[in-house]
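Visitor: I'm new to reading protein models. Could you walk me through this one?

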Amino acid sequence: MRYCARCLYPANAKPTIIFDEEGVCSGCRYHESRSKQLDINWEERADLFEEILEEAKQMAKQRGNSHDCIVPVSGGKDSHYQVWLLKEKYGMNPLLVTFNHAYNTPAGNRNLYNLIEKSGCDFVRYTAGIDSVRRISRYMLETVGDLTWHYHAGIKTYPFQVAVERNIPLIVWGEHGFAELTGIVSLEDFVEFTRWTRKEHDMRGYEPHDLVGKGGITVQDIAPYIYPSDEDIAKVDVRGIYLSNFVYWDATRQAEHMMKTWDFAPITYERERSFNLHSKIEDHANDVHDYLKYLKFGYGRATDDASMEIRHGRMTREEGMAMVKRYDDREPSTLQTYCDFLDITKQKFSDWIEPMCDESLWQKNADGLWQPQDAVYRHEIGELEERARVTPSKERTLSDANRRMYYNPVNPPLKSGDRALDQPSISFKVV
Ligand SMILES: [Zn+2]
């Protein structure tokens, strides 16, 4: 397997990355383009952003609508930051909208309630029924190896349903995640949220109607995932924009800021699949979801998180590889929870996933067990990797200052006294 000379992504990373002649991936180059203030005029972008917000305020006013925008929130660090920025810095009156996918961690619920209280904003939460969640998760796991399809479909659809219903002209998303990870689009593109990006990026090419009749899925089950019609969208003139196109995005700085100002709280125990203590901690199925990625493509969350730290210069390639070695191949203890919930055995789980595994990486050994044929840490650091290194930042990922943000076994975070943050939970909370 070929790996990026700078970060730790393999050539088979999804969505697709490409390597340049220096062996550096498109995600790393995209990250670089973000930090070059010379290339990107952030002041100009802030002005543009303000214009869009002003327009939304005017439209809401004309409609006699008290909410000028919608912020889709999960309760995570990004939601905290988005709401804080819009409300405190730009004087917007956002309606917070949550699609509750039912796979909640105690820490996630704690942070969502915290956001509602601290922001003082109005809040709407749609909870998908657990039976429909089970049917959809099970079918999509078997078909595309994804038990969280309903998350992405719901989170990317329900806010539009609310916008249409309540005549709200603007939806403000956080980060354009795919761009940040792999550089598939450039900052110059000013991508907006469209029906197409939703289907291709968030819903694995499936529209909800494709699912009806499969695995017992009913028309009622898919209702929260049906995107409003073009006519309805046009009538409300709703626009979906990404904040990361307008403000310089540094997720770690933003999380720290929200910990200080609004008491967003990271967890304090070591997770099974990453050293990161503050990102995606609300998503209980994430460990299994991420393990699926490892089973299919041979890399997981630790690769994602370490690559990001390497791009910021806060981690060396060597430190990153140690993280990948520690976490990427660990089977999460919640795997059994989800197999029980979906009423399948672990064997069935493996049988379903086997045909989806990348054969350039996975091969069966003499005992019939699947073995990964490569890993980034098996590769020596050569001339190409040395040349691709970024200038180290003074700040280090595993430093004392970052104790609450990243798990360092030598210097673990202090307990908070709140069980939701201090103890892992094997079972999820529907509401
Ligand atoms: Zn890279």
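Visitor: Which residue in β3 is the bridge partner of T98?

Guide: Happy to help! This is a predicted model, where local features need pLDDT of at least 70 and side-chain atom pairs count only at pLDDT 80 or more, while totals for chains, interfaces and linings use all residues. Residues are numbered from 1 along each chain as its sequence is written, and side-chain values use heavy atoms, leaving out hydrogens and water. Strands β2 (residues 94-100) and β3 (residues 122-127) pair in the parallel sense over 6 bridges; pairing takes at least two DSSP bridges, and DSSP runs define strands (E, at least two residues) and helices (H or I, at least four), numbered from the N terminus. In β3, the partner of T98 is R125.

Visitor: Which residue in helix α1 forms a salt bridge with R29, and why can E32 and R29 be described as one turn apart?

Guide: A salt bridge is a side-chain nitrogen of Lys or Arg within 4 Å of a carboxyl oxygen of Asp or Glu. Because they are 3 residues apart in helix α1 (residues 26-35), E32 and R29 are separated by about one helical turn. The closest N and O atoms are 3.1 Å apart, and the partner of R29 here is E32.

Visitor: Is R29 buried or exposed?

Guide: R29 also meets D20 in a salt bridge (2.6 Å, N to O). Buried means under 20% relative accessible area, exposed over 50%, and partly exposed in between (1.4 Å probe, protein chains only). R29 has 24% relative accessibility, so R29 counts as partly exposed.

Visitor: How many salt bridges does the structure hold?

Guide: One of them joins R253 and E256, with the closest N and O atoms 3.0 Å apart. The structure's total is 25.
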